[in-house]
Amino acid sequence: WRPKSFDEVVGQPAVVQTIQNAISADKTVHAYLFSGPRGTGKTTVARILAKALNCIHSDLSLRPCNSCETCQAVAMGRFLDLIEIDAASNNSVDDIRDLRDKINYSPGHGAYKVYIVDEVHMLSGAAFNALLKTLEEPPQHVVFVLATTELHKVPATVKSRCQSHSFRRISINDIVSRLREISSKESIEVEDAALYELAKHSTGSLRDAVSLLDQIMMSEKNTITLSGVHNILGIASDNLVSEIVEALTQGNVDSGLRLINETINNGVNPNQLATQIMGFLRGVLLCSTGNGDLVDFSDQIFSIMQECEKILNTNQIIVMLQAFDKASRDNSASWQPQLTLEMAFVDAMQSVVVGHPVDVS
């Protein structure tokens with residue numbers, strides 16, 4: 001389900017439009033730098049760009065046509081003038097020198113040799129220096145596409161020699177639309193609530209969302225339901241998370257710890273539960289600061305957040321967020337997985353009563 005043309009790329013309109021305009025005007029550049037979170041389309045757009053540069057369709061605005069011999073060869077992975085390099089495992093200066101020796105050879109089939117260097121920030125300092133001269137004055141038949149998830153690690157000298165494009169996280173609605181399209185073409189029935197849960201769980205990565213959908217398709221025989229998604233991903237329902245936070249805001253230690261234990265015993269991942277509690281508390285924080293329109297939960301859960309917001313002040317919410325943030329990153333208590341959550345719950349509860357810590361003895 002990887003997009004085969006620019007029109008199929010999801011959630012990156014600015015990047016796609018800029019590149020399409022350059023191709024239509026025959027004003028492409030010799031080096032591109034694609035940056036952004038994982039799973040947002042960097043390598044996909046790089047491959048489509050490679051197809052467009054070598055497409056032989058007479059109308060530049062219709063490239064890539066996906067029907068000519070060159071486009072077909074790229075789609076099938078047998079186009080020898082498209083070279084993909086993983087900088088994580090080919091990051092030495094010798095690797096870059098070897099690349100420099102080879103780029104002078106003319107393309108075998110297409111008009112351009114396109115080098116896609118993935119995770120380019122993993123190159124060593126010496127390797128970046130070796131790449132600089134090549135980026136500055138490459139042969140006319142060579143185009144570089146550098147992709148990275150950590151732009152800050154790419155030297156400024158490299159950035160200055162490339163046309164930079166920033167890929168953003170894909171919105172939940174865009175991910176849901178794409179998942180709905182895929183499930184429809186696969187003749188799989190999926191509840192809308194399940195699609196939204198998958199989209200939220202993927203945190204802006206369409207690749208992760210599609211992978212999760214594929215995993216669940218293999219597990220669910222008929223309709224994919226929200227409860228099925230929860231079971232497979234090891235996550236708790238929003239209602240259960242809201243009950244835990246309600247117990248926290250009301251200073252109910254017994255109820256809160258019991259809910260946490262029942263949830264973990266039912267197979268929910270402790271770190272994931274901590275993350276979900278943080279997501280709920282973030283919603284409470286947004287409500288308390290007048291930004292409730294940014295909350296992406298059901299009306300029922302949103303109303304519970306508003307009730308919690310009336311009980312807590314901003315400082316209390318921040319203390320709770322910090323406690324569960326620590327729990328979400330703590331894997332030291334694998335022998336007793338709920339322990340870090342229990343500690344976070346009790347620690348967060350100290351701030352529930354304004355000016356009067358709760359006695360949990």
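Me: Which residue of β4 is the bridge partner of Phe-34?

Reply: In β4, Phe-34 has Ala-147 as its bridge partner. The model is a predicted one, and the pairing is read from its atoms in that sense. A second partnership in β4 belongs to Tyr-32, which is matched with Val-145. Altogether, five bridges join β1 (residues 31–35) to β4 (residues 142–148), and the two strands run parallel.

Me: What does Phe-34 stand opposite in β5?

Reply: In β5, Phe-34 stands opposite His-165. β1 and β5 are joined by four bridges, and these strands also run parallel. Phe-34 therefore has a partner in β4, Ala-147, and a residue opposite it in β5, His-165.

Me: How should the side chains along a strand be read, and which residues of β1 point which way?

Reply: The general idea is that side chains in a regular strand alternate between the two faces of the sheet. In β1, Ala-31, Leu-33 and Ser-35 point one way, while Tyr-32 and Phe-34 point the other way.

Me: Are these residues of β1 buried or exposed?

Reply: Residues pointing either way from β1 are buried. For the strand as a whole, five of its five residues are buried, and β1 is mostly covered. The cut-off behind this word is a relative accessible area under 20%.

Me: In what order do the strands of the sheet lie?

Reply: The sheet is open and has five strands, in the order β2-β3-β4-β1-β5, with parallel pairing. Its edge strands are β2 (82–86) and β5 (163–166), each of which pairs on one side only. On average, neighbouring strands are turned by 15 degrees against each other, direction ignored.

Me: Which strands does α2 lie across?

Reply: α2 lies across β1, β2, β3 (113–118) and β4. Relative to β3, α2 runs at about 175 degrees.

Me: How does one recognise backbone geometry that deserves a second look?

Reply: The general idea is that most residues other than glycine have a negative phi, and most peptide bonds are trans. In this structure, the peptide bond from Arg-63 to Pro-64 is cis, with omega near -5 degrees. Pro-64 is placed in the loop between α2 (42–54) and α3 (69–75).

Me: Where is Asn-66, and what is its phi?

Reply: Asn-66 is also in the loop between α2 and α3. Its phi is near 65 degrees, a positive value in a residue other than glycine. Asn-66 has a relative accessible area of 26% and so counts as partly exposed. Another case is Thr-203, with a positive phi of about 45 degrees although it is not a glycine. The place of Thr-203 is the loop between α8 (192–201) and α9 (206–219). With a relative accessible area of 48%, Thr-203 is partly exposed.

Me: How many salt bridges does a search of the whole structure find?

Reply: The search finds 14 salt bridges. One of them joins Glu-137 to Lys-133, with the closest N and O atoms 4.0 Å apart. The distance criterion here is within 4 Å. Glu-137 is exposed at 56% relative accessible area, whereas Lys-133 is partly exposed at 47%.

Me: Which salt bridge links distant parts of the chain?

Reply: Arg-161 and Glu-136 meet through their side chains in a salt bridge (3.6 Å, N to O). The pair links distant parts of the chain, 25 residues apart: Arg-161 is in the loop between α6 (156–159) and β5, and Glu-136 is in helix α5 (residues 125–136). Arg-161 counts as partly exposed at 24% relative accessibility, and Glu-136 is partly exposed at 40%.

Me: Where does the salt bridge pair of Arg-258 and Asp-254 lie?

Reply: Both residues lie in helix α12 (residues 253–265), four residues apart, about one turn of the helix. Their side chains meet in a salt bridge (3.4 Å, N to O). Elsewhere, salt bridges that share partners join Arg-178, Glu-181 and Lys-185 into one network.

Me: Is His-230 buried or exposed, and what does it touch?

Reply: His-230, in helix α10 (residues 226–233), is buried, with a relative accessible area of 9%. Leaving aside residues up to four places away in sequence, His-230 touches Glu-197, Ile-235, Ala-236 and Ser-237.

Methods: Residues are numbered from 1 along each chain as its sequence is written. This is a predicted model: local features need pLDDT of at least 70, side-chain atom pairs count only at pLDDT 80 or more; totals for chains, interfaces and linings use all residues. Side-chain values use heavy atoms; hydrogens and water are left out. Buried means under 20% relative accessible area, exposed over 50%, partly exposed in between (1.4 Å probe, protein chains only). Two strands pair if DSSP finds at least two bridges between them. Axes are lines fitted to C-alpha atoms, for helices over the stretch in contact, and angles run from 0 to 180 degrees between N-to-C directions. Contact means heavy atoms within 4.5 Å.
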